[in-house]
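Biologist: Please take a close look at a single part of this model, and describe how that part is connected to what surrounds it.

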Amino acid sequence: MAKRKTKEQEAYSRYLERTGFGEAPITAALIDMDGVLYDSMKNHSKAWIRLSEELGWNYSPDEFYLYEGMTGAAIIRLMMKRETGREDVSDEEAKEIYSRKAKYFIELGRVDKIEGADMMLNTLRSAGITRVLVTGSGQNSLLGRLNDDYPGIFNDELKVTALDVKRGKPDPEPYLMGLEKAGVQAANAIVIENAPLGVRAGSASGCFTVGITTGPIPEDVMLDNGADIVYPTMTAFADALTNIIAARNYSF
Ligand code: MG
């Protein structure tokens, strides 16, 4: 009797079908920050809600989780257009409004690391897989402590942030930039994400895209947006990672 394929093997087979790529080992991981390395989304959401209330913007309870991955300026333009019809928000105005949101985020206090993120990153490092940070964030309060919280994981040359991109997620641009920085092809990279727009960007870049539901967004929304596989927690993904890497090295 044929051995049943694991969830990981099935996901990789579907990925090879969707991309037309041949089997290839993993040599780089493109890693999102908010909701992947830091349990920061609750506070981002609270800071956006405070700003929205001040500006008289309408919002729904989980709205800002759905925008996660977009740059702050892109979220401001989207809300402005919806609430006032304005499409002429200048870079300066968006920057000024975003600085208020960034200030409210800082006022909410220090955020914790995501449980399981250390294990995930150490597994990647032990396997010799290049780590690239790919975030829509420009929040210096987190970017500035990343190397202290995750020592020896991220090279400063291998970071893509809000400051580097023109379009930002859900456009594949940030992940394509990450591939370029790492010097690897999409077939050799995995994207590690927690947001619907983030997995959409990862999937469109051609990388095998892992979605981890560390917030209120359900699994099927992640799959609908292009995640190749979804895990309920970072710890669950970290537990599976050694086998994923080994299976890709020796092929299924
Ligand atoms: Mg995220």
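Modeller: Glu68 has a relative accessible area of 7% and counts as buried (under 20%, against over 50% for exposed and partly exposed in between, with a 1.4 Å probe and protein chains only). The model is predicted, so that local features need pLDDT of at least 70 and side-chain atom pairs pLDDT 80 or more, whereas totals for chains, interfaces and linings use all residues. Residues are numbered from 1 along each chain as its sequence is written, and side-chain values use heavy atoms, without hydrogens or water.

Glu68 donates through OE to the magnesium ion, whose other protein donors are Asp32 (OD), Asp34 (O) and Asn194 (OD1), with distances of 2.0 to 2.2 Å (donors are N, O and S atoms within 2.8 Å of the metal, or 3.2 Å for Na, K and Ca; water is not among the atoms, so sites may look incomplete). Along the chain these donors follow the spacing D-x1-D-x33-E-x125-N. Because Asp34 sits in the loop between strand S1 (28–31) and helix H2 (41–55), and Glu68 in the loop between helix H3 (63–66) and helix H4 (72–84), the pair ties together parts 34 residues apart in sequence (DSSP runs, numbered from the N terminus: helices H or I of at least four residues, strands E of at least two). Asp34 is likewise buried, at 7%.

The loop between S1 and H2 also holds Tyr38, while Tyr150 lies in the loop between H8 and strand S3 (159–160), so this pair ties together parts 112 residues apart in sequence. The ring centres of Tyr38 and Tyr150 are 6.0 Å apart and their planes stand at 70°, which means that the pair is edge-to-face (rings of Phe, Tyr and Trp, the last by its six-membered ring, pair with centres within 6.5 Å; planes under 30 degrees apart are stacked, over 60 edge-to-face and the rest tilted). Both Tyr38 and Tyr150 are buried.

Asp149, in helix H8 (residues 146–149), is in contact with Tyr38, Arg110, Lys113 and Asp118, neighbours within four places in sequence left aside (contact means heavy atoms within 4.5 Å). Asp149 is buried as well, with a relative accessibility of 14%.

With residues up to four places away not counted, Leu37 touches the donor Asp32 and, among others, Ile31, Lys113, Met120, Leu146 and Tyr150.
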